[in-house]
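Please look over the sequence and the model shown here before reading on. The paragraphs that follow begin at a single residue and then widen to the helices around it.

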Amino acid sequence: NQLGQLANVYGSMNPQEAATLMEQLDSQIALALISRMPEKRIGQILALMSPDRALSITRMLSGGNAGR
């Protein structure tokens, strides 16, 4: 599936590059991609995002409110 392939692409990128690009994606697309990545890579990417965006995605990953 395309999301799985994109997740592999983003997961193989430098974490800083992936974080920069994910900051610009729609929240639901970013969530769909990041949720298909290994935990270690998720942590690396979230750590490089803005605090607000990282918090929003973390809430969505945990099933909570996106908190926009």
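Ala19 is found in helix α2, where helices (H or I, at least four residues) are DSSP runs numbered from the N terminus. At 0% relative accessibility, Ala19 counts as buried; buried means under 20% relative accessible area, exposed means over 50%, and partly exposed lies in between, with a 1.4 Å probe and protein chains only. This is a predicted model, in which local features need pLDDT of at least 70 and side-chain atom pairs count only at pLDDT 80 or more, while totals for chains, interfaces and linings use all residues. Residues are numbered from 1 along each chain as its sequence is written, and side-chain values use heavy atoms, with hydrogens and water left out.

Leaving aside residues up to four places away in sequence, Ala19 touches Ile45, Leu48 and Met49, a contact being heavy atoms within 4.5 Å. The C-alpha atoms of Ala19 and Ser50 are separated by 8.9 Å, although these residues stand 31 residues apart along the chain.

Ala19 shares its burial with two other residues of α2 (residues 15-24), namely Ala18 and Met22. Seen down the axis of α2, these buried residues fall within an arc of 100 degrees, so they line one face of the helix; the arc is that of the directions from the helix axis to the C-beta atoms. An α-helix has 3.6 residues a turn, so residues three or four places apart point the same way. The buried residues of α2 pack against α1 (2-12), α3 (27-34), α4 (39-48) and α5 (51-61).

At the N-terminal end of α2, Asn14 acts as a cap, with a side-chain oxygen lying 2.7 Å from the backbone nitrogen of Gln16. Gln16 itself has its place in helix α2 and, at 38% relative accessibility, counts as partly exposed. Between Gln16 and Ser50, 34 residues apart in sequence, the C-alpha to C-alpha distance is 11 Å.

Helix α1 can be read in a similar manner. Its buried residues are Ala7, Tyr10 and Gly11, and, viewed down the axis of α1, they fall within an arc of 100 degrees, so they line one face of the helix. On the other side of α1, Gln2, Gln5, Asn8 and Ser12 are exposed, whereas the buried residues of α1 pack against α2, α3 and α4. The N-terminal end of α1 is capped by Asn1, which places a side-chain oxygen 2.8 Å from the backbone nitrogen of Leu3.

In α4, the buried residues are Ile42, Ile45 and Leu46. They cover an arc of only 100 degrees around the axis, which puts them on the same side of α4. Lys40 and Ala47 are exposed on the other side of α4, and the buried residues of this helix pack against α2, α3 and α5.

What do these helices bring together? The largest nonpolar core, a set of buried Ala, Val, Leu, Ile, Met, Phe, Trp, Tyr and Cys residues joined through side-chain atoms within 4.5 Å, has 17 residues, of which Met22, Ile34, Met37, Ile45, Leu46, Met49 and Ile57 touch the most other members. Each of α1, α2, α3, α4 and α5 supplies at least two residues of this core, and α3 gives the most, with 4 residues. Met49, setting aside residues up to four places away in sequence, touches Ala19, Met22, Glu23, Ala54 and Ile57.

Glu23 leads on to a charged residue. Glu23 lies in helix α2 and is partly exposed, with a relative accessible area of 28%; not counting residues up to four places away in sequence, Glu23 touches Leu48, Met49, Ser50 and Arg53.

Which side chain of opposite charge is nearest to Arg53, a buried residue? That side chain is Glu23, 5.1 Å away, and Arg53 has no salt bridge, which would require a side-chain nitrogen of Lys or Arg within 4 Å of a carboxyl oxygen of Asp or Glu. For charge, Lys and Arg count as positive and Asp and Glu as negative, while His and the chain ends are not counted. Arg53, which lies in helix α5, does have a polar contact of 3.1 Å between its side chain and that of Ser27. A polar contact is a pair of N or O atoms within 3.5 Å; within protein, one must be able to donate a hydrogen and the other to accept it, and residues adjacent in sequence count only if both atoms are side-chain atoms.
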